[in-house]
Amino acid sequence: MRPVTRLAANLAVILAVMSGLPAAPATAWNRQVRQGETLARTNCARCHAVGRIGESPLRAAPPFRELHTRYPVEDLGEALTEGIRTGHPSMPEFRFDPDQAENLIAYLKSLER
């Protein structure tokens, strides 16, 4: 790519990012994922592997990166807001507000990649 063309391409990207238009959805998604990760690390990491690698501290607790292979994680919203009562035998009941549930699901979805 010629220097002038590369400069024009870079300038176009910078202007798009500064305008906030194309970057806004990605930014909102990234914020949800970060907040969901915080919820997972705060509430779930004692038993579950919540990251992309590692074993769950509690053998019966599936790693979060594998949950999507068991069921669609986007269907967890109701269970997360009403209280998860199932799972592994020693799992405590958790209840999240709708925004927290949405953030946690976004984080779980991010682990599918």
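**Figure 1. Accessible surface and overall composition of the predicted model.** The protein chain of this predicted model exposes about 7600 Å². Carbon and sulfur atoms supply 58% of that exposed area. Of the 113 residues in the protein chain, 31% are buried. The secondary structure consists of five helices and zero strands, giving the pattern α-α-α-α-α when read along the sequence. Among contacts in the protein chain with a separation of 6 or more, 51% are between residues 24 or more positions apart.

**Figure 2. Close-up of Ser-56 in the loop between α2 and α3.** The loop that holds Ser-56 is flanked by α2 (23-43) and α3 (67-70). Ser-56 has a relative accessible area of 12% and is therefore buried, the cut-off being under 20%. A polar atom of the Ser-56 side chain lies 2.7 Å from the backbone oxygen of Ala-61. This distance falls within the 3.5 Å limit for a polar contact. Leaving out residues up to four places away in sequence, Ser-56 touches Cys-47, His-48 and Ala-49, and also Ala-61, Pro-62 and Pro-63. Ala-61 thus appears both as the residue whose backbone oxygen lies 2.7 Å from the serine side chain and in the list of residues that Ser-56 touches.

**Figure 3. Close-up of the cysteines Cys-44 and Cys-47.** A search of the whole structure finds zero disulfides. Cys-44 is in no disulfide, and the cysteine sulfur nearest to its own belongs to Cys-47, at 8.7 Å. Cys-47 is likewise in no disulfide, its nearest cysteine sulfur being that of Cys-44. The pair is not counted as a disulfide because the sulfur atoms would have to lie within 2.5 Å, whereas the separation is 8.7 Å. Cys-44 is buried, with a relative accessible area of 10%. Cys-47 also counts as buried, at 14% relative accessibility. Cys-47 is one of the residues that Ser-56 touches.

**Figure 4. Close-up of Ala-45 and its surroundings in the loop between α2 and α3.** Ala-45 lies in this loop, as does Ser-56. The relative accessible area of Ala-45 is 26%, so the residue is partly exposed; the partly exposed class covers values between the 20% and 50% cut-offs. Beyond its neighbours within four places in sequence, Ala-45 is in contact with Ala-40, Val-50 and Pro-57. The C-alpha atoms of Ala-45 and Pro-57 are 7.9 Å apart in space, while the two residues are 12 residues apart in sequence.

Key
Residues are numbered from 1 along each chain as its sequence is written. This is a predicted model: local features need pLDDT of at least 70, side-chain atom pairs count only at pLDDT 80 or more; totals for chains, interfaces and linings use all residues. Side-chain values use heavy atoms; hydrogens and water are left out. Helices (H or I, at least four residues) and strands (E, at least two) are DSSP runs, numbered from the N terminus. Buried means under 20% relative accessible area, exposed over 50%, partly exposed in between (1.4 Å probe, protein chains only). A polar contact is a pair of N or O atoms within 3.5 Å; within protein, one must be able to donate a hydrogen and the other to accept it, and residues adjacent in sequence count only if both atoms are side-chain atoms. Contact means heavy atoms within 4.5 Å. Accessible areas come from the Shrake-Rupley method with a 1.4 Å probe; for residues, only the protein chains shown count as cover.
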